[in-house]
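This report covers a few helices and selected residues, with their burial and contacts. The sequence and structure come first.

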Amino acid sequence: MTVQISQRTLEDLGFSEVLRALAQRCRTEPGRERVLARPFLDTPEQVEEALALVAEARALSHEQFSMPLGGVVDIRTAIGHAAKGGLLEPRQLIDAAQLLFAFVRTREALDERKERVPKLMDIARRLPMLESMARRIDQCFEPDGEISDRASPELREARDRARGLHRRIKSRLDELLHDESFLPKLRENYYTIRNGRYVVPVVSNYRSEVDGIVHNASQTGQTLFMEPQAMVGLGNDLAIAQSVVTEEERRVLQELSDLLGRESVRILEGLAAVAELDEVEAVAILSADLDATMPTFAGVTELELRMLRHPRLVLRGTDVVANDVTLIGEARALVVSGPNAGGKTVTLTGVGLCTLMLRAGLPIPVAEGSRMPLYRSVHSTVGDAQDLSQGLSSFSAHVTMLRDIIAAASEGSVVMIDEIAADTDPREGAAIAIAVLEELMAKGVVVLVTTHLEELKALAHMDPRFLNARVGFDSKRMSPTYRLQIGASGQSSAIEMAARVGLPQKVCERARELSLNAGGPLSKALAAAEEERRKLHEELERARVAAKEAEALREDLEKQKTQFERERRARMMQFNEDVHAASEHAAAEVKDLLVKLRAEQNEKALSEARLQLQQRADEAQKRALTAKAELFQVEAPGPATLKVGAWVHHSGLARDVEIIELTDSHALVSAGGALKMRVPTSELSGSRTRKPQQAKFPERQKQDAALKRAASAAPAQVEATNFRCDVRGMRSDDALKELEAFLDGGLRSGEEAALIIHGHGTGALKQAIRDYLSASPYIRMFRPGEAHEGGDGVTVVSLRA
């Protein structure tokens with residue numbers, strides 16, 4: 001079925017403004033003509049094909065590619081003239097050559113990208129490849145448009161003869177102008193050309209004394225421009241030569257015109273293809289400027305436009321508020337209410353204009369994921385339809401438009417009505433509006449209306465086919481927000497708007513007093529329902545925020561859990577490596593002792609060896625306990641009370657946890673909040689802290705916790721060890737030398753740990769020291785200081801035994 005769009009609808013929605021913006025982005029006159037006559041497409045297949053072309057053109061624009069259409073001129077009239085055997089002017093021939101070159105460049109450029117743009121390549125195949133003809137025409141003209149001597153050998157020969165005659169005549173005239181007897185008869189000493197003949201300015205009194213032909217005279221008659229008789233023969237020869245040149249130039253132009261005439265059909269077809277490519281590229285540029293997308297439309301019956309922006313406002317550079325517009329489920333009519341100048345009509349015309357653009361195969365300014373049916377017809381009545389020439393008032397003209405819309409609309413149509421039945425008694429207007437909307441929906445029509453009528457706003461509470469929407473109003477700034485909220489009805493805020501535009505305050509206050517008692521039961525019921533809806537909306541928003549925060553906390557705990565496990569495994573690997581090294585060292589010592597025993601074989605040596613072995617075993621056990629303590633950074637564990645609900649310490653997490661479930665060798669523990677994990681019971685020990693109790697006064701507990709955090713953040717005295725090295729204020733090289741000597745002495749004296757005080761500063765000294773420690777053979781491990789040790793301004797190290 002053919003798409004039906006009335007001229008009134010096109011004017012109401014401003015579709016011509018979109019077409020003008022599109023034409024401004026075309027580079028050829030045929031392209032502009034094609035854009036301004038762009039039709040509405042009848043079938044979904046045609047719309048899909050048009051949008052696919054635009055998608056390919058936008059993909060090329062992302063590659064910074066532009067169609068090589070430079071120099072293309074509309075020569076359709078000239079080509080038609082040539083097809084009839086007419087003679088073209090040099091400028092027309094030059095434009096034709098540029099067009100033929102553009103055909104070749106465009107087709108070759110798209111052929112290189114044909115895998116990515118197959119549909120554009122199909123259009124490009126209609127461009128004729130007439131490069132040889134273009135070169136033939138191009139070589140016949142100079143850059144300034146003059147016919148070149150290269151056009152034909154005959155033209156070159158004729159011009160050479162004419163140029164030779166010019167030189168001979170000028171030479172003879174130069175000799176004549178130097179003749180002392182001839183000079184007094186001249187007005188001035190020069191020669192010029194009149195009527196194609198070389199002449200000299202002779203004083204009229206000497207007319208009889210100069211033999212020659214008069215070709216012209218000055219306005220006063222005092223000077224005669226005469227061709228001396230001696231020049232007449234050469235002048236005649238020159239005239240003949242010039243006529244030969246002219247005739248040959250005409251022959252060349254006719255030859256080139258005939259070439260174009262013989263290929264006129266192909267050239268015109270190519271020009272039509274250029275216009276189509278230019279149009280597609282212009283649509284791609286406009287789509288990028290609008291940040292437009294291609295909504296889903298095939299088989300779609302529901303309207304769901306995400307982040308809709310009014311196309312005309314975007315084109316004007318206005319800062320547009322994007323809104324979602326939806327009609328899904330049973331809803332068939334969207335009733336938009338709210339304050340004047342709040343954006344109701346913008347919403348209405350924005351949806352209507354997008355409907356037209358989609359039917360014309362144009363992307364629309366909505367976000368990805370939008371859906372819109374391809375409506376068969378679009379009808380609108382926007383603005384004042386008053387027609388004094390026919391004696392119609394605003395209301396009469398409005399009702400006439402409604403009558404025509406009811407008659408024309410059918411299933412698959414969309415209707416936009418601005419301020420339906422507004423210019424009459426509100427009760428009767430509401431009755432007419434409801435009856436019109438029910439009639440339209442009974443015919444399967446989708447309707448969008450704006451209104452201030454309370455009865456229309458109430459329909460959504462009683463009829464699922466109606467859906468309310470409102471534009472927002474900021475009561476603090478006393479101005480509209482232009483935000484569309486689906487599912488709610490809005491107040492007109494007429495008094496606030498009147499105060500905003502300057503109505504006297506006294507008048508506005510009186511209007512507010514009157515309005516308090518003016519609302520009927522329906523208005524009050526709607527206001528109460530709206531207030532309840534507002535509260536529910538606020539509760540829902542708070543719930544969404546809480547859910548979002550809970551999800552963020554869960555993700556954070558998951559990350560902490562992963563990080564804890566990674567660190568635990570890394571420390572365990574280091575612990576195992578240390579134990580393995582110690583075991584190898586002990587085995588080597590035992591082997592040496594056994595060799596010594598076998599060599600001496602006496603009781604005293606055996607006793608001494610047994611004592612040494614016992615000492616080695618005690619030292620190995622001590623080093624293992626020290627390494628394990630450093631691995632988990634805890635004190636020696638106390639016995640754990642393993643039962644459900646017990647508060648125990650987990651060595652891997654380095655924190656107290658609560659036992660939730662208990663099996664033979666594993667326990668499910670909770671570390672607070674959502675963090676739960678199953679761990680071996682061997683990693684559990686006695687609690688370091690008391691089990692937290694439920695606070696009776698949570699606010700007081702929060703204050704105490706804040707005081708404790710503040711106290712823990714205060715600087716504390718360093719108490720890690722008395723064996724320390726203070727390198728604050730030193731250069732990095734000097735500090736590392738001092739540190740190396742310090743660690744060497746500590747290792748010799750049997751120190752097990754040390755404290756290096758380097759301060760914070762810029763961080764360079766701290767980083768240099770820790771880089772040195774990570775590679776030092778003296779160091780078994782190191783870590784930044786705890787808060788009570790001096791924080792990150794110190795580094796605690798453990799020396800190798």
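Which residues are buried in helix 2? In this predicted model, they are F15, E17, V18, L19, A21, L22 and A23.

## Helix 2 and its surroundings

Helix 2 covers residues 15-24, and seven of these 10 residues are buried, so the helix is largely enclosed by the rest of the structure. Burial here means under 20% relative accessible area.

The packing partners of the buried residues of helix 2 are helix 1 (7-13), helix 3 (29-36), helix 11, helix 12 (311-315) and helix 13 (344-359).

## Helix 6 against helix 11

Helix 11, one of the partners of helix 2, also meets helix 6. Helix 6 spans residues 90-111 and helix 11 spans residues 264-290; their axes come within 11 Å and cross at roughly 55°. Helix 6 is therefore oblique to helix 11, and the crossing of the two is left-handed.

On the helix 6 side, the contact is made by L99, L100, F103, T106 and L110. Helix 11 contributes I267, G270, L271, V274 and L277. Sorted by class, the contact of helix 6 with helix 11 has eight nonpolar residues, two polar ones and no charged ones. An α-helix has 3.6 residues a turn, so residues three or four places apart point the same way.

## E281 in helix 11

Helix 11 also holds E281. The relative accessibility of E281 is 10%, so E281 counts as buried, the cut-off being under 20%.

The side chains of E281 and S66 are joined by a polar contact of 3.4 Å. With neighbours within four places in sequence left aside, the residues in contact with E281 are R27, A57, F65, S66 and M67. S66 thus appears both in the polar contact and in the list of contacts of E281.

## A124 in helix 7

A124 belongs to helix 7, which runs over residues 118-124. Its relative accessibility is 0%, so A124 counts as buried.

What is A124 in contact with, leaving aside its neighbours within four places in sequence? The residues are R107 and L110. L110 is also one of the helix 6 residues in the contact with helix 11. Another pair involving A124 is the one with E108: the two are 16 residues apart along the chain, and their C-alpha atoms are separated by 8.8 Å.

Note on methods
Residues are numbered from 1 along each chain as its sequence is written. This is a predicted model: local features need pLDDT of at least 70, side-chain atom pairs count only at pLDDT 80 or more; totals for chains, interfaces and linings use all residues. Side-chain values use heavy atoms; hydrogens and water are left out. Axes are lines fitted to C-alpha atoms, for helices over the stretch in contact, and angles run from 0 to 180 degrees between N-to-C directions. Helices (H or I, at least four residues) and strands (E, at least two) are DSSP runs, numbered from the N terminus. Angles under 35 degrees count as roughly parallel, over 145 as roughly antiparallel, 65 to 115 as roughly perpendicular and the rest as oblique. A crossing is left-handed if the near helix is turned anticlockwise from the far one by less than a right angle, and right-handed if clockwise. Contact means heavy atoms within 4.5 Å. Ala, Val, Leu, Ile, Met, Phe, Trp, Tyr, Cys and Pro count as nonpolar, Asp, Glu, Lys and Arg as charged, and the others, Gly among them, as polar. Buried means under 20% relative accessible area, exposed over 50%, partly exposed in between (1.4 Å probe, protein chains only). A polar contact is a pair of N or O atoms within 3.5 Å; within protein, one must be able to donate a hydrogen and the other to accept it, and residues adjacent in sequence count only if both atoms are side-chain atoms.
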